[in-house]
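Hi,

Here is the structure I promised to pass on. Have a look at it first, and then read on for what turned up.

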Amino acid sequence: MTQRIFILPIWIRLWHWTNAALMILLAISGASMHFSGTGWGILRFETAVKIHNFCGVTLLWLYGLFILANLFSGNLGRYLPEMKGFIGKSWKQIKFYCWGIFVGAPDPYEPTREASHNTLQQVMYWAVMYILVPIVLISGAMFLWPNLAPKEVLGLDGLVPVALVHYVAGVVLFGFTLMHIYLGTTGHKISSQFKTMVNGYHEME
Amino acid sequence: MKCDLRSTVKTITFGAGILFLAGILVATGQTPQAMAQQTEPAAEEPQQEDAKPSPEAVAAVNAKNAECLSCHTEAGAVTADPTIVDLEALSKVLIDPVAMQASNHTGMTCISCHVGSYEGFPHSGPLQEVPGRHETLDCVECHSLQTWRIEPQVAHGAHGQNPKVFERFDCNSCHDSHVFQSASKLKDPVEIIAQDNGMCLSCHDSELRFAEFTAGIIPVPEQPDINVIHQFLADPERHWSSVRCIECHTPASETPTLNISHKILTKEEARRDCVTCHSADTHLSASLYRYAAEQRDAEDAGFENAQLLSKAYVVGATRNTKVDQLGMALLALILAGIALHILGRVIGRLMTGGKE
Ligand code: HEM
């Protein structure tokens, strides 16, 4: 009989799915604007701008809430890897993803309520949530309110570097999202981790 | 033999013809290129003088104009003799000599346009029904070709719809002869935008001037707020400082080298498709940024429409193709990695008999 432990409180799950939906909408609308007129855009420019601006501002608020909630709930701990045995644990995890998983070896890491992420996830998520996402958010905010941006940089309009940073960080973030979704299928069953994020329970073997 | 003779005669005639033409060219001291240029339709008059006018000529014009400017400037309006001048009336008819210096009409005497009774003071003659217009030459007097081209365009545009509006609407409604600088002279897109939008907004964003202009024609001269009308632009204010009204309110020409049409498109006809500007073949390159400085470095770095970048980053128009390729490569790598991983898992599962 499988045993269930509760690892994800409701607010994290709500945050996660809202965040995910916003990121995907932002990526689709952002790409539609960027490739406007090339036939690659999915949305019309006008629609894309509306969606992107709305979702962008919503994501800003959501991120603010996320930070506050993390500070006050102690959830921040999930993201801070323990330095002791860091390399060894990471190596184990890498070996699992690159080989063990193919031959049916068990995941070396079983999540607990206190620490739902394995070491690799901790580092990755920390970097994404506390470095990459802020870069996208700040450059996005400068794009939206250009008086926050420099007037001029190297003889070019101040929005040029802002746009470049926003675009590159957006692409990297999107790449991360793809990997993230894929790694979601590496639970005990393909769907287990998605279920966990819905109901909050992790099923033990 | 006969045949040979014919061709010899032909050759001689031909050669003589060439020599004759060459002789004329040498005699008149012109190169063939110069001839070719002369046979092209004459550039629109009046011709731009390549050489700067001599200092003496400039001094003469300035001296002539100083008479008029002794009254018709901010400073003049204070120092003018109140016993002979109606200061109240004068305060309404001032011009800015510094702006005029910068304008296309710099170097002209006031009296080349303001003829007749304006040449002396007090200005005799009947007071004009339309201020300043009496005995002032119309543009057509000096710019006949341009005016013949432009007048019908204005008439067929938005301001020609209502005959009563059109009656009052002429070149001066938009152009201030003492200030206007053509786009080819200004070159800097920011200054071009400020000037050209200033023309339109002086009526369309001013209840006062709009009401004055339409007094007696349009009963309740109320116009919808310019930002509300253009709400579809997501951020109209941002566009007012980065594009011109005429970008959307004039028809595009098949020949991008021609001057912009003066036919102002109505709200039904105006362009509203964002892609006209927000795309790689942006309309802005051929119009507003036609005279802008090139941005070689940015172009080499992979930016499209790089000449826009000194003043604006226009989403969709100024993307960097090299960065795009890198981005695509990164995403392709990630997808390939995922595909390989899936393959590994499938094979692994087959070999271990279905358990993962
Ligand atoms: C997953 C997150 C995001 C992605 C993938 C993304 C992607 C993009 C892309 C590709 C563009 C086009 C840029 C170009 O053509 O160079 C863009 C434009 C823009 N982004 Fe984002 N973005 C994201 C989040 C945000 C956020 C959080 C904000 C606001 C705070 C924002 C604000 C903007 C603005 C203002 C523009 C300019 C167009 C407009 O006004 O809608 N973005 N974004």
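His52(A) and His166(A) are both buried, in what is, I should say right away, a predicted model. Which atoms of these two coordinate the iron atom of the ligand? In both cases NE2 does the job, at 2.0 Å. The iron site has six donor atoms, and with angles among them running from 83 to 179° the site is octahedral. For comparison, the ideal angles for six octahedral donors are 90 or 180 degrees. His52(A) sits in helix α2 of chain A and His166(A) in helix α5 of chain A, so this pair ties together parts that are 114 residues apart in sequence.

Now the rest of the ligand's surroundings. The ligand lies between chains A and B, and 23 residues surround it. The closest are His34(A), His52(A), Asn53(A) and His166(A), plus Tyr313(B) from the other chain. If you sort the shell by residue type, you get 15 nonpolar and eight polar residues, and no charged ones. Within chain A, four helices each supply at least two residues of the shell: α1 (10-34), α2 (45-73), α4 (119-144) and α5 (159-183).

Three polar contacts to the ligand are worth a click:

- His34(A): an N or O atom of its side chain is 2.5 Å from an oxygen atom of the ligand.
- Asn53(A): a polar side-chain atom lies 2.6 Å from an oxygen atom of the ligand.
- His52(A): an N or O atom of its side chain is 2.7 Å from a nitrogen atom of the ligand.

So that you can find your way around chain A: it has six helices and four strands, and from the N terminus on the order is β-α-α-α-α-β-β-α-α-β. Of the 205 residues in chain A, 41% are buried.

Next, the aromatic rings. Over all chains there are eight aromatic pairs. One of them is Phe6(A) with Tyr201(A), where the centres are 5.1 Å apart and the planes make an angle of 65°, an edge-to-face arrangement. What does this pair tie together? Phe6(A) is in strand β1 (residues 3-6) of chain A and Tyr201(A) in strand β4 (residues 201-204) of chain A, so the pair links parts that are 195 residues apart in sequence. Both rings belong to partly exposed residues: the relative accessible area is 30% for Phe6(A) and 29% for Tyr201(A).

Then there is the pair of Tyr63(A) and Phe66(A). With ring centres 6.1 Å apart and planes at 35°, this pair counts as tilted, because the angle falls between the 30 degrees below which planes are stacked and the 60 degrees above which they are edge-to-face. Both residues lie in helix α2 of chain A, three residues apart, which is about one turn of the helix. Are these two buried or exposed? Tyr63(A) counts as buried at 14% relative accessibility, and Phe66(A) is buried as well, at 2%. Ring pairs also bring in Trp15(A), which forms a cluster with Tyr63(A) and Phe66(A). Helix α2 is also where His52(A) is found, in case you want to look at the iron ligation and this cluster in one view.

On the chain B side, have a look at His341(B). A polar atom of its side chain lies 2.6 Å from the backbone oxygen of Tyr97(A), a contact from one chain to the other. His341(B) is in helix α19 (residues 321-351) of chain B and is buried, with a relative accessible area of 14%.

Last, two backbone oddities in chain B, both with a positive phi in a residue that is not a glycine:

- Lys187(B) has a phi of about 65°. Lys187(B) is in the loop between α11 (183-186) and α12 (189-204), and at 43% relative accessibility it counts as partly exposed.
- Ala234(B) has a phi near 70°. Ala234(B) is in the loop between α14 (226-229) and α15 (236-240), and it is partly exposed too, with a relative accessible area of 46%.

Cheers

Note on methods. Residues are numbered from 1 along each chain as its sequence is written. Chains are lettered from A and ligands numbered from 1 in the order in which they are written. This is a predicted model: local features need pLDDT of at least 70, side-chain atom pairs count only at pLDDT 80 or more; totals for chains, interfaces and linings use all residues. Side-chain values use heavy atoms; hydrogens and water are left out. A residue is near a molecule or strand if one of its heavy atoms lies within 4 Å of it. A polar contact is a pair of N or O atoms within 3.5 Å; within protein, one must be able to donate a hydrogen and the other to accept it, and residues adjacent in sequence count only if both atoms are side-chain atoms. Ala, Val, Leu, Ile, Met, Phe, Trp, Tyr, Cys and Pro count as nonpolar, Asp, Glu, Lys and Arg as charged, and the others, Gly among them, as polar. Donors are N, O and S atoms within 2.8 Å of the metal (3.2 Å for Na, K and Ca); water is not among the atoms, so sites may look incomplete. Four donors count as tetrahedral if all angles lie between 85 and 135 degrees; four count as square planar and six as octahedral if opposite donors are over 155 degrees apart and all others between 65 and 115; anything else is irregular. Buried means under 20% relative accessible area, exposed over 50%, partly exposed in between (1.4 Å probe, protein chains only). Rings of Phe, Tyr and Trp (its six-membered ring) pair if their centres lie within 6.5 Å; planes under 30 degrees apart count as stacked, over 60 as edge-to-face and the rest as tilted.
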